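Work through the exercises below with the sequence and the 3D structure in view. Try each task before reading its solution.

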Amino acid sequence: MAADPDLLADPAELAVKLGRPADDPALLLAVRQAARRFRGQVGHRVTYVADDVVTLDGNGRESILLPVWPTTAVTRVVLEGVELVEGTDYAWSDAGILRRLGLWWPDRLRCLQVTYSHGFPDDDIPGDIQEVVLERAEAGLLPVGVQSKAVGGQSVTFGAQATAGSTEAWAKAVARYKVRASGDV
């Protein structure tokens, strides 16, 4: 994985593919821009965040989804000013499900405050995220309108994909990792 966690992918992989040095400033910029774009579209850092505090709407159901997963810890849950007890009042899963035990969450706006840790360790970013970030970075390095480029046989392919900047793999990864709303249960 990348030494710089802001990159979400290892630029050395792209450098090998393109036959460029791994410290090429243009290559590093392209990976950084692709990572920023991915983070912007999913609405969160992706990498690990400790003790994030979120205010959530109740949904009148037994379970609420925390906005970002994987969830690594839930350290505090306050419902309408009353701190709840884990194992007695609520339980949680690494998938980001916060379940009310024996009761339902109220159907009220901004009634719940949760302190939790979430995200992926810098050295364990999912492969699909790494792949789409590198794919987008590669597209950003090609001249406008060029979709692919072979070095040895000097082949260039023109197409709209590189200029559009989004592939099916990108769209699927964004959909999978985007911030969730409590109504997504």
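The exercises go from the whole chain to its sheets and then to its helices.

This is a predicted model, in which local features need pLDDT of at least 70 and side-chain atom pairs count only at pLDDT 80 or more, while totals for chains, interfaces and linings use all residues. Residues are numbered from 1 along each chain as its sequence is written, and side-chain values use heavy atoms, with hydrogens and water left out.

**Exercise 1. Describe the protein as a whole.**

Step 1. Count the elements: the protein has five helices and nine strands. Helices (H or I, at least four residues) and strands (E, at least two) are DSSP runs, numbered from the N terminus.

Step 2. Read their order from the N terminus: α-α-β-β-β-β-β-β-β-α-β-β-α-α.

Step 3. Look at burial, where buried means under 20% relative accessible area, exposed over 50% and partly exposed in between (1.4 Å probe, protein chains only). Of the 185 residues, 42% are buried.

Step 4. Turn to contacts, meaning heavy atoms within 4.5 Å. Among contacts with a separation of 6 or more, 72% are between residues 24 or more positions apart.

**Exercise 2. Work out the sheet that contains β7.**

Step 1. Find the strand order: four strands make an open sheet, β1-β7-β3-β4, with antiparallel pairing. Two strands pair if DSSP finds at least two bridges between them.

Step 2. Identify the edges: β1 and β4 (82–83) each pair on one side only.

Step 3. Follow β7 (residues 112–118) to its partners. Six bridges link β7 to β1 (residues 49–56), and Val53 has Thr115 in β7 as its bridge partner. Seven bridges link β7 to β3 (residues 71–79), and here Val77 is matched with Val114 of β7.

Step 4. Check how covered β7 is: six of its seven residues are buried.

Step 5. Finish at β4, which is joined to β3 by two bridges in the antiparallel sense. Val78 stands opposite Glu83 in β4.

**Exercise 3. Explain why β2 and β5 each have a side without a neighbour in their sheet.**

Step 1. Give the order: this open, antiparallel sheet of three strands runs β2-β6-β5.

Step 2. Apply the order: β2 (63–65) and β5 (90–92) are at the edges with a single partner strand each, so one side of each has no neighbour in the sheet.

Step 3. Add the angle: neighbouring strands of this sheet are turned by 20° against each other on average, direction ignored.

Step 4. Check one pair: β5 and β6 (residues 97–100) share three bridges, and Ala91 has Arg99 in β6 as its bridge partner.

**Exercise 4. Describe how α1 and α3 meet.**

Step 1. Choose the quantities: two packed helices are described by the angle between their axes and the distance between the axes.

Step 2. Give the values: the axes of α1 (residues 11–18) and α3 (residues 127–141) come within 10 Å and cross at roughly 50°. α1 is therefore oblique to α3.

Step 3. List the residues: Glu13, Leu14, Lys17 and Leu18 of α1 meet Gln130, Leu134, Ala137, Glu138 and Leu141 of α3.

**Exercise 5. Place Ala26 in the structure.**

Step 1. Locate Ala26 in helix α2 (residues 25–42).

Step 2. Classify Ala26: its relative accessibility is 38%, so Ala26 counts as partly exposed.

Step 3. Find its contacts: not counting residues up to four places away in sequence, Ala26 touches Arg20 and Leu141.

Step 4. Compare sequence and space: Ala26 and Ala137 are 111 residues apart along the chain, and their C-alpha atoms are separated by 9.8 Å.

Terms used:
Axes fitted to C-alpha atoms, helices over the stretch in contact; angles between N-to-C directions. Parallel < 35°, antiparallel > 145°, perpendicular 65-115°, else oblique.
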